[in-house]
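The following exercises concern the packing of strands and helices in one protein model. Each task is followed by a solution in steps.

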Amino acid sequence: MIVNNLSLCYHNKLILAPMVRVGTLPMRLLALDYGADIVYCEELIDLKMLQCKRVVNEALSTVDFVAPDDRVVFRTCEREQSKVVFQMGTSDAERALAVARLVENDVAGIDVNMGCPKEYSTKGGMGAALLSDPDKIEKILSTLVKGTRRPVTCKIRILPSLEDTLSLVKRIERTGIAAIAVHGRKREERPQHPVSCEAIKAIAETLSIPVIANGGSHDHIQGYLDIEDFRRATAASSVMVARAAMWNPSIFLREGPRPLEEVMQKYIRYAVQYDNHYTNTKYCLCQMLREQLESPQGRLLHAAQSSQEICEAFGLGAFYEETTRDLDARRAKLLARSPEEAEEPAEDTSGIIKMAIKFDRRAYSPQITPKMCLLEWCRREKLAQPVYETVQRPLDRLFSSVVTVAERKYQSTLWDKSKKLAEQAAAIVCLRSQGLPEGRLGEESPSLHKRKREALDQDPGDPTTQEPAVPGELCKKPFVALAGGQESPLEGW
């Protein structure tokens, strides 16, 4: 995806604020549908982004930035291409520029978070910690303005004194940024503290660039008309909404908010269509339900342990089945067109022999598995027993295994729902590559049957006749799945 227009107008706009765990693709698309003009992604840390690889996901029609552990850190699509602003957490100008150049072809703007007061941001010198280092702020923003093709903005909180705040924002303006978002609270203040419309207004009257007012959800914004009232009270060019939009994204609708049930169902549809991890989907839905979490539907949501169970809780079971079926079909079609993914084995640059294989227990003899066949063949050929290295992908908790036999590695390109299935698939790849029986019905290994008959005829107490119950294996620890205990979003970080 390449954004053609190099400018993003920040005048008279309704904006979805960046919110941790909330500002993922489904919520951004929902806000756009309901009238938001610009949407910010959640704050993403520069060091994390620099580990990512840009991947075009043809099955989902998205662009994904994928970490080494296969976790999707940032996902975007053409629908939001000219509307999405990428917000980063950074404390270093060169790292910030590297991230901006990584994502600039897939987003409409670049923003630096200078307002998050939480320790996990400030302890790295990011977020609100930057407010006490104007020289670093100037260097980061100047470097970005000169080095990226996208408009650059930043998001700040007000300082203890208005004089210091105005001095800082004037210095920020001189870097050449396109706009500045101002959360009208000090670093130590929280949503229950009153937002300072006066401070935002003083900034707006001082600067010539657009000022985006933020922080009004708790005191001012209950509906669409309140957004304009907040804009007038602050004299700002635009308004950025966080908590009020998190509770019901249809707050951006001029004709008034839609029923929450309708909004949540639409959100779930986006989450399924774009393969959003169910823990993130569940978190966002809980923020919408709020005081209804103890309702029957709230309890069903709380108990849900998968996207399918979330869909069933909201009467979308059939939609889930149809959508996942279509997605699986698209993935299979894409795999089939690649020589590496065909039934013939292919060796990739890492030296691993790969095939698109899944282990279907129904196609095999009840007593014999591909792993047993492979182990028996290794023994017969006087080779070291197979070694399995299995990892789990946090995004969808699926498994993939690589088996090493005679210093060669074999792997299925298809991920499986359990470690055992992934290892059986890897064993099949090895066996088929060698043209060996794999235990399928009608082709079981005669030597395995012979060993079984011999074992039945001998004394089970004789240690010389004992066979190991499970073939030896070495399994690396799987990647750790995403932690669920992240911080709740704060309005206007």
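**Exercise 1. A hairpin**

How many residues lie between β4 and β5 in their hairpin, and which residue in the turn has a positive phi?

Solution. The model is predicted, so local features need pLDDT of at least 70 and side-chain atom pairs count only at pLDDT 80 or more, while totals for chains, interfaces and linings use all residues. Residues are numbered from 1 along each chain as its sequence is written, and side-chain values use heavy atoms, with hydrogens and water left out.

Step 1. Helices (H or I, at least four residues) and strands (E, at least two) are DSSP runs, numbered from the N terminus. The hairpin of β4 and β5 has 4 residues between the strands.

Step 2. Ser 61 in this turn has a positive phi of about 60°.

Step 3. Two strands pair if DSSP finds at least two bridges between them; β4 and β5 are joined in the antiparallel sense over 5 bridges. Val 56 has Val 63 in β5 as its bridge partner.

**Exercise 2. The sheet around β5**

State the strand order of the open sheet that contains β4, β5 and β6, and identify its edges.

Solution. Step 1. The order is β4-β5-β6, with antiparallel pairing.

Step 2. β4 (53-57) and β6 (72-77) are the edge strands; each has a single partner strand, so one side of each is left without a neighbour in the sheet. From one strand to the next, the twist averages 25°.

Step 3. Strand β5 (residues 62-66) is linked to β6 by 5 bridges. Across this pairing, Asp 64 is opposite Arg 75, and Thr 62 is opposite Cys 77. The hairpin of β5 and β6 has 5 residues between the strands, and Asp 70 there takes a positive phi near 75°.

Step 4. In a regular strand the side chains alternate between the two faces of the sheet. In β5, Thr 62, Asp 64 and Val 66 point one way, whereas Val 63 and Phe 65 point the other way. Buried means under 20% relative accessible area (exposed is over 50%, partly exposed in between; 1.4 Å probe, protein chains only), and 5 of the 5 residues of β5 are buried.

**Exercise 3. Two helix pairs**

Describe the packing of α5 with α6 and of α10 with α11.

Solution. Step 1. Two packed helices are described by the angle between their axes and the distance between the axes. Axes are lines fitted to C-alpha atoms, for helices over the stretch in contact, and angles run from 0 to 180 degrees between N-to-C directions.

Step 2. Helix α5 (residues 134-147) and helix α6 (residues 162-173) have axes that come within 9 Å and cross at roughly 25°. They are therefore roughly parallel (angles under 35 degrees; over 145 counts as roughly antiparallel, 65 to 115 as roughly perpendicular and the rest as oblique).

Step 3. Contact means heavy atoms within 4.5 Å. Among the α5 residues that meet α6 are Pro 134, Ile 137 and Leu 141, and their partners in α6 include Leu 168 and Ile 172.

Step 4. For helix α10 (residues 260-273) and helix α11 (residues 278-289), the axes come within 11 Å and cross at roughly 170°. This makes α10 roughly antiparallel to α11. The contact includes Leu 260, Tyr 267 and Ala 271 in α10, and Cys 284 and Leu 289 in α11.
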